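Please look through the structure shown here with attention to its local backbone features, its enclosed spaces and a few of its helices and strands.

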Amino acid sequence: MATTHAFAAPGRSEIALAEGWRFHLGAVQGDATSASFDDSAWERVRVPHTWNKVGNYGESRRADANVTRGVGWYRLKFQAPQADAGKRFYLQFDAASIVAEVWLNGRKLGGHAGAFSRFRLDATTAVHRGSENVLTVKVDNSKPEPGSITEFVVPISGDFFMYGGLYRPAALIVTGAAHVDLLDSGGPGIYNHVTSLTDARAGVAVLTRLRNEAASAANLTVRTTVADASGKQVARQEQRVRLAAGTSGESRADLAITSPHRWNGTTDPYLYRTTVEVIDARGAVLDRVVQPLGLRTVAIDPNRGFILNGKPLRLNGVTRHQDRQDKGWALSNADHAEDMALIREMGANSVRLSHYNHAEPFYDLADKGGVILWAELGLVNLASIPGKADTPPEMKASAEQQLVELIRQNYNHPSVGVWSIGNEITNWASKGITPSNAQPLMNALDALAHAEDRTRPTSIAVCCETLPGQKDDGRDTTSGTADTVGYNHYFGWYGAGRVDDAARFAEVMLGLHQMRPNQPVGVGEYGAGGAVTQHTDNIRGGKVESIARPQPEEYEAGVHELAWKGMAPQNFLWGTYVWQMFDATSDLRFEGDSTDINTKGLVTFDRKIRKDAFYFYKAAWTTAPMIYLTSRRYVDRAYPVVDVRAYSNAAKASLTLNGRAIGSVACADHVCAWPGVRLDRGDNVLAASVDGAKDQITWRYNGPDRALHIRAGTLTGATLADGTRYGSDDFFDGGIGATLNPYKYALYVMPKPEKGSRQVLGTQQPDLYAGWRSGTRFSYALPLPNGRYKVTLHLFEPTETEKGKRVFTVAAGGGKPVTVDIVAKAGAGMTATTLELPATVTDGTLRLDFAGKAGEALVSAIDVVGL
């Protein structure tokens, strides 16, 4: 039998149902809902619990992975308290994914559809008071397919895994026959908001929803009080209410607080507490509920951005999924606290709760820390079921139910600044996968959100609409269906896959602001993937594999540097949200150094490693002196000459290498750079400092002193069988890198990425022909000691098959240009050949100059070896 832990308040007790559960995955023989069913062979578990285990670092799925989508059974034997006949019993589940059915002592109490919200069921007539009870819960996280129990339960689609189970706490609540309504869409039953706010006075309206389950009418007193942070009562009001038997009703209180202390974000997150007591005619407290109260006002302006208490507040935000490695969605309060601590360490003051209702402990942490929340309905990618443009009534009802639950359950949290009615609703339609007519649904949800809460603005995240300067192609749109819009764009990542494309943010966001001058515009998502075990010598060396491998950590940081540089001065943006704070589960993804993980986190899935980009934002968003040397996990270096970079919020920084001064540099846009630093052989201790802070890392170089080996057009290096190590493309000026066999992948359509199979003939070293750099003119400036060298260029023709189609010249070390026709030299296209050139270095730099004569010049790898 379960060990129970009770939280008691006058008139109400809450008994945690955490220990002693039995669990079975899949179908069962016999009637598992019967109290007499033998579950002794089932697995012992603790709630919160999920049976799924998804996501790992490594290029194959973990051996113990569990990606089962289907039915799971839970059973618990627990002792109910001995309570008088007037007491009411309710079972509370903070979440059950996706659809749940509940039985107590063999009697079905009801169920719930929707993975992310609290629900309660009246267990009064089924409970055995003062004795053993048997609770059975069936949950089903099946994929939403035609005829399935989840077919119309939103979200129908999403780039995240839908874990199954009772993954948030469960409890038994005991209260009086007349009480604050426990069946109000999982909400607290009391709802307070600020009606006026000045330095002298705050007006607070409190709505209490009541229910009388007694056999006779009840004459009640509803006492509403507000206490400050010290516990001192600062406002009080009582109202007489008469409720007929078996009916519900409302009580409204209008309170005044003198000399109010504002809840003012991270600067001063001051909290009051609202308490509502339901008192019978004899003066006994039948029920008591306590909720947070923050005295603040919020608004969003098209030109001034987010407004807190009448003043603009730049929302520097991150997005957060609720999962973590090995735990999935079954998080503890300590897990939530660690997440919030990391977010605050980095300096973010806002969190987008993507893409659904998160657990209440995280809202509580935001209240206490002053973090503004973008709270979101779990409606993603689709406004209808696949293949249908118009929203089915059942799906609309699911979205509306979950939106009401989201708002009522979190209404009292002052941290909630905006309600979002959905994310990327036209995603599938924009890819041509399905038709879409999203606006009717989104307009209805926006109206519903305002009906539920007239004090907060609404928003929607938009991904796939026409950009400024583009021709309108008639695709379905959702911009304008909410008060505000947050655009999800991944310049520098998807599409071009070139880091410098991230600089487009400034122009595009200004253009969107000009397109919608009367609607507040923000950035709902931006970012790039980063694998902490994959590194590059130059983030401009090639095109990133944005949905496959590799995804160097340095590339992710480079995208964020450029994106933030463009967005930082745009004060009209009401909020900007990095996608994402933590690596998160997606069984659609096989990318970077992971499987079933979206690698765009600033922190790894297990919360153990803060990636380089984390520290870029810490430099941009915090004021305490800090400096962080980047690329620290790229320890064994491919080249003896490197650029050293650091992030800092200081104006200038100094660097030493093995105790030798390298120099001081200005830190522009939070980046401090020392180009062309020559490493010592062996360990190199790099120490950077600013006033009030310092950092130190160690790199190693054990390569040759008078040789360089370069894979052109690539973001990562390779080591051949003979031990020769090639770095990724570096030291170039001009040209563009290309990949011979890029991955092809379409999320939601293809089962996994497919890599091209083109082969270069005539070589035993395919790694040297995996990519190339090409251009009308480009050059390399190779840092090498003075002396004589042999230059070997590895060449192949990736597109032409005839001689004379690609002809170019190459000059080494200022020597006479040599003309090259790769097809003529190799004898055919897609065939390897080499060109050897002598060179002499006299000034520490060997220059290679490429120039096209017919078509573009091209090189796939470079060897320079001293003679």
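The paragraphs below go from a helix to a sheet, then to unusual points of the backbone, and end with the cavities.

The model is a predicted one, and what is said here should be read with that in mind. A useful place to begin is helix 7, which covers residues 553-567 and so has 15 residues. From its first C-alpha to its last, helix 7 reaches 22 Å, which is close to the 21 Å expected at 1.5 Å a residue. As for its surroundings, 13 of the 15 residues of helix 7 are buried, so the helix is largely enclosed by the rest of the structure; buried here stands for a relative accessible area under 20%. When looking along such an element, it helps to recall that an α-helix has 3.6 residues a turn, so residues three or four places apart point the same way.

Further along the chain there is an open sheet of three strands, whose order is 48-51-58 and whose pairing is antiparallel. The edges of this sheet are formed by strand 48 (736-739) and strand 58 (857-859), each of which pairs on one side only. From one strand to the next, the twist averages 30°. Strand 51, made up of residues 771-775, runs antiparallel to strand 58 and is joined to it by three bridges. To find this pairing in the display, the reader can start from serine 774, whose bridge partner in strand 58 is leucine 858.

Several points of the backbone deserve a separate look, beginning with two cis peptide bonds. One of them joins serine 97 and isoleucine 98, with omega at about -5°, and isoleucine 98 lies in the loop between strand 7 (88-93) and strand 8 (99-104). The peptide bond from valine 154 to proline 155 is also cis, with omega near 0°; proline 155 is placed in the loop between strand 11 (132-140) and strand 12 (170-175).

Positive phi values in residues other than glycine come next. Aspartate 326 is not a glycine, yet its phi is positive, at about 75°. This aspartate 326 sits in the loop between strand 26 (316-320) and helix 1 (333-346), and its relative accessibility of 46% means that it counts as partly exposed. Asparagine 658, again a residue other than glycine, has a positive phi near 50°. The loop that holds asparagine 658 lies between strand 39 (652-657) and strand 40 (660-668), and because its relative accessibility is 33%, asparagine 658 counts as partly exposed.

The last topic is enclosed space. Rolling a probe the size of a water molecule over the atoms shows where empty space is left. How many cavities of 30 Å³ or more are there? The count comes to two. In the largest cavity lies about 50 Å³ of space, and its lining consists of 14 residues, with Leu382, Ala383, Thr434, Pro435 and Ser436 lying nearest its centre. By class, the lining of the largest cavity has eight nonpolar, five polar and one charged residues.

The second largest cavity holds about 30 Å³ of space. Its lining is made up of Phe116, Ser117, Asn357, Glu376, Leu377, Gly378, Gln402 and Leu406, and these residues of the second largest cavity divide into three nonpolar, four polar and one charged.

How values were computed
Residues are numbered from 1 along each chain as its sequence is written. This is a predicted model: local features need pLDDT of at least 70, side-chain atom pairs count only at pLDDT 80 or more; totals for chains, interfaces and linings use all residues. Side-chain values use heavy atoms; hydrogens and water are left out. Helices (H or I, at least four residues) and strands (E, at least two) are DSSP runs, numbered from the N terminus. The expected span of a helix is 1.5 Å times one less than its number of residues. Buried means under 20% relative accessible area, exposed over 50%, partly exposed in between (1.4 Å probe, protein chains only). On a 1 Å grid over the protein atoms alone, a cavity is a set of points where a 1.4 Å probe fits but cannot get out, and a pocket is an open set with protein on both sides within 12 Å along at least five of seven lines; lining residues have an atom within 4 Å of a point. Grid points are joined across faces, edges and corners, and a volume is the space filled by probe spheres set on the points. Ala, Val, Leu, Ile, Met, Phe, Trp, Tyr, Cys and Pro count as nonpolar, Asp, Glu, Lys and Arg as charged, and the others, Gly among them, as polar. Two strands pair if DSSP finds at least two bridges between them. Axes are lines fitted to C-alpha atoms, for helices over the stretch in contact, and angles run from 0 to 180 degrees between N-to-C directions.
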